[in-house]
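The following paragraphs lead the reader through a protein model, beginning with its strands and ending with its helices. Please keep the sequence and the coordinates in view while reading.

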Amino acid sequence: LKSTVGMQYVNFLSSQAGARGGTLPPGSQTPASGTIPSVTSATVQQNTLGFFIEEALALNDRLYVTAAVRTDQNSAFGVNSQRVFYPKGALSWIISEESWFPHKHMDWLNQFRLRTSMGAAGVQPGPTDALRTFATSTTSIAGTDVAGLRSNTVGNPNIRPEKSTEFEGGFDARILKNRVTVEVTYYNKHSQDALFNLTPAPSAGSAQTSIRTNLGSIQNTGGEFLINAQILDSRAFGWDVTFSASHIASKLVVLGHDLAGNPLPIPGLNTTVQERPGFPIFSYWQRPFTYSDANHDGIISPSEVTVDTTWRLQGYSQPRDEVSLTNGFELLNRKLRINMLVDYKGGYNLFNNEEGFLCQQTTSCPYTSTMSASLYNQARTVAERNFGTLNSQWGFAEPIRFWRIRELSGTYTFSDQLMKKIARAQGGSLTLAVRNLKLWTSYTGVDPEAN
């Protein structure tokens, strides 16, 4: 057993004072010499007090259990939210060490570990997000200038930290005399009370254009897979391979309510990127279209294209699937190492801003100015520029899948004796590398990563 108890106290203070003078007469050099003086001051203070306790258990060097909790108080919290708790827990079990594990039937499996964990973390609000502040003003009363106060920021007494809680589970395995390592992980992350700037109602009587508040919740789930293999291992030559892959899914669970308790309108409604509850974060939305070359003349005219009046989900705007493959070769008695990295990204959409802008704004669009354009390319151009307020960019949000030779590099390591002789150094190496050698994709733009 191992017990840990601790505390943390942070006191941040920043004070600033400035003096300026404008419209200086010739020869003057100080702020006080200016005919238009200006004085500024600012103070920012934030305090955090946290306590944590952790208990770790190790049983027979094969079962490991950890449980902990941390609690924080922060001066940036609203008066109605004074404390937050962040729990965590972890379990790791090397079941291949148990006596009942079938070693005789699975002698190729050297080690097998099950693991799971859960933890929470937070993001603090700004130092003054909860505070109501005032600004000075000068008002004329009965012909006399009188100093007074007016509302500046209304603050948010209910503001609290943005909190994320994540669950993770998986296993690790070593096989074939520890030459191959496998890792598999699944995770589910839930974020709530995200910190956003919310526009206050005009009746608030505030000069503040936005109020920091807690809105909505987001869920991210995904899986990760990694395998590392030492295929060849000799004194003169080595070959190792690393393969990794991941898949992610995200959605906006709840959008939230305004300061009056009313459901918030959908951000970006009737625009390309929208935030709708139950759908992916930063998802693409557009009006789909259909087309038909009715007269079979090989030319798509506006009358042969129909644009839907309803906005529909088109897909994710960020990669959902990623794969990478690294091959490493060691030659010349392990002095020369050659690495090649190939990766893949897919499962999302990307607006082809190159062709989309060209075809909407100019007459030099290749899909309308040449006779070799496909019917689909003609139709997506017509849908984008010939329907006025119902123009659709659906055709230029292209599904993305691509493979790329990301990097090819070679590193030669010089012997210590040679480096001592020619440079009085303990060691040295020379590396040459080239990147982005080859791209395979159906994307019609120049490069899906340089749009």
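In this predicted model, Thr221 stands opposite Ala249 of strand 11. This pair belongs to the contact of strand 10 with strand 11 (residues 238-254), an antiparallel pairing that extends over 16 bridges. The connection between strand 10 and strand 11 is a hairpin of four residues. Strands of a sheet pair through hydrogen bonds of the backbone, and the pairing may be parallel or antiparallel.

Strand 10 (residues 211-233) also runs antiparallel to strand 9, to which 18 bridges join it. Two positions in strand 10 help to fix the register of this pairing in view. Val182 has Ile227 as its bridge partner in strand 10, and Thr185 has Glu224 as its partner there.

Strand 9 (residues 180-198) is in turn paired with strand 8 (residues 162-175), in the antiparallel sense and over 13 bridges. Within this pairing, Gly169 has Tyr186 of strand 9 as its bridge partner. The reader may thus follow the chain from strand 8 to strand 9, from strand 9 to strand 10, and from strand 10 to strand 11.

The turn between strand 8 and strand 9 merits attention for its backbone torsions. Most residues other than glycine have a negative phi. In this hairpin, which has four residues between the strands, Leu176 takes a positive phi near 55 degrees. Asn178 is found in the loop between strand 8 and strand 9 as well, and its phi, near 65 degrees, is a positive value in a residue other than glycine. With a relative accessible area of 46%, Asn178 is partly exposed.

A further positive phi occurs at Asn333, which is not a glycine and has a value of about 55 degrees. Asn333 is found in the loop between strand 17 (321-331) and strand 18 (336-351). Its relative accessibility is 52%, and Asn333 therefore counts as exposed, the cut-off being over 50%.

Another loop residue is Asp107, which lies between strand 4 (84-94) and strand 5 (109-123). Asp107 counts as exposed, at 60% relative accessibility. Its C-alpha atom is separated by 8.7 Å from that of Ile175, although the two residues are 68 residues apart along the chain.

A separate topic is an open sheet of three strands, with the order 12-13-16 and antiparallel pairing. Strand 12 (273-274) and strand 16 (312-315) stand at the edges; each has a single partner strand, so one side of each is left without a neighbour in the sheet. Strand 12 pairs with strand 13 (residues 283-286) in the antiparallel sense, over two bridges. In this pairing, Val273 has Tyr284 of strand 13 as its bridge partner.

The account now turns to the helices. How many of the 11 residues of helix 3 are buried? Eight of the residues of helix 3 (residues 375-385) are buried, so the helix is largely enclosed by the rest of the structure. The buried residues are Asn377, Gln378, Ala379, Arg380, Thr381, Val382, Ala383 and Glu384. What covers these residues includes both strands and helices: strand 14 (289-291), strand 15 (305-307), helix 1 (353-361), helix 2 (366-369) and strand 19 (397-414).

The packing of helix 1 against helix 3 can be described in greater detail. Two packed helices are characterised by the angle between their axes and by the distance between those axes. For helix 1 and helix 3, the angle is about 65 degrees and the axes are 9 Å apart. The crossing of these two helices is right-handed. On the side of helix 1, Gly356, Cys359 and Gln360 take part in the contact, and they meet Thr381, Glu384 and Arg385 in helix 3. The residues of this contact divide into one nonpolar, three polar and two charged.

Cys359, a member of that contact, also forms a disulfide with Cys365, in which the sulfur atoms are 2.0 Å apart. A disulfide is a covalent bond between the sulfur atoms of two cysteines. A search of the whole structure finds one disulfide. The torsion about the S-S bond of Cys359 and Cys365 is about 65 degrees, so the disulfide is right-handed. Both Cys359 and Cys365 are buried. Cys359 therefore links two topics of this account, since it meets helix 3 as a residue of helix 1 and is bonded to Cys365 through the disulfide.

Note on methods: Residues numbered from 1 in each chain as written. Predicted model: local features only at pLDDT ≥ 70, side-chain atom pairs only at ≥ 80, totals over all residues. Heavy atoms only, no water. Buried < 20%, exposed > 50% of the residue type's maximum accessible area, 1.4 Å probe, protein only. Contact = heavy atoms within 4.5 Å. Axes fitted to C-alpha atoms, helices over the stretch in contact; angles between N-to-C directions. Left-handed = near helix turned anticlockwise from the far one by under 90°. Nonpolar A, V, L, I, M, F, W, Y, C, P; charged D, E, K, R; others polar. Disulfide = S-S within 2.5 Å. Pairing = 2+ DSSP bridges.
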